[in-house]
Amino acid sequence: KTPVTSIRGYLETLLQQHEISPDKQRFFLDRAYTQALRLSDLIRDVALITKIEEATDLFERKPVDLKQVVEEVIADHKNTLDAHRVQIVDRIGRGTTVEGNHTLLYSIFWNLTDNAVNYAGEGVPEADLEKIFVRFYRVDEGRSRKNGGSGLGLSIVRNSVLYHKGCISAKNRKEGGLEFLFSLAKKS
């Protein structure tokens, strides 16, 4: 189901059934609100990926401190990382600068961190490794929907890496889980 379908269903139920208990009303409103947030995230992601693919000249390029970007992502994910007991080891040296766009660099690390939290330890069938960077592709349709992702995160990552004259790939680790390898062009 799409977020719009869910929101519509919850609101129609509230409008058509007048004998709903306050607890049940609250439940439907909470569910509609959650789906509205999902829709908002989806719209944001579609707008970002469309802009990356079709209007890259609209992104401001300037020197960006990569260490600072990673520290922002870690700080913004702190509660989620703590809740899932995920530890990030940041080995980026001070002064590592990329000539690029802060928003796109942030989206690379944000989406990879988000994927690490939501799918940590899960492998991907070899045949799916290249497809995971395609818009809306989901390895496991049911599990991904439960997590609420838009299906655009890794596509945004790939396009953001390409924007910064880099490349990205994914491989299964022998120890389990998935490893993302990517490069970005350093500021010369």
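A salt bridge here is a side-chain nitrogen of Lys or Arg within 4 Å of a carboxyl oxygen of Asp or Glu. By this rule, the predicted model has six salt bridges. The exercises take up three of them, including the pair R8 and E12.

**Exercise 1.** Find the distance between R8 and E12, and state where the two residues lie and whether each is buried or exposed.

Solution.
- Step 1: The N to O distance between the side chains of R8 and E12 is 2.7 Å, and the cut-off is 4 Å, so the pair is a salt bridge.
- Step 2: Both residues belong to helix α1 (residues 3-16); they are four residues apart, which means a separation of about one helical turn.
- Step 3: R8 has 56% relative accessibility and is exposed, while E12, at 31%, is partly exposed.

**Exercise 2.** Do the same for K78 and D82.

Solution.
- Step 1: The closest N and O atoms of K78 and D82 are 2.6 Å apart, and the two form a salt bridge.
- Step 2: Helix α4 (residues 78-83) holds both K78 and D82, four residues apart, about one turn of the helix.
- Step 3: Partly exposed lies between the limits of 20% and 50%. K78 has 46% relative accessibility and D82 has 44%, so K78 is partly exposed and D82 is partly exposed.

**Exercise 3.** Which kind of contact joins K171 and E179, and how exposed is each residue?

Solution.
- Step 1: The side chains of K171 and E179 meet in a salt bridge, at 3.9 Å from N to O.
- Step 2: K171 is partly exposed at 40% relative accessibility; E179 is also partly exposed, at 28%.

Note on methods: Residues are numbered from 1 along each chain as its sequence is written. This is a predicted model: local features need pLDDT of at least 70, side-chain atom pairs count only at pLDDT 80 or more; totals for chains, interfaces and linings use all residues. Side-chain values use heavy atoms; hydrogens and water are left out. Buried means under 20% relative accessible area, exposed over 50%, partly exposed in between (1.4 Å probe, protein chains only).
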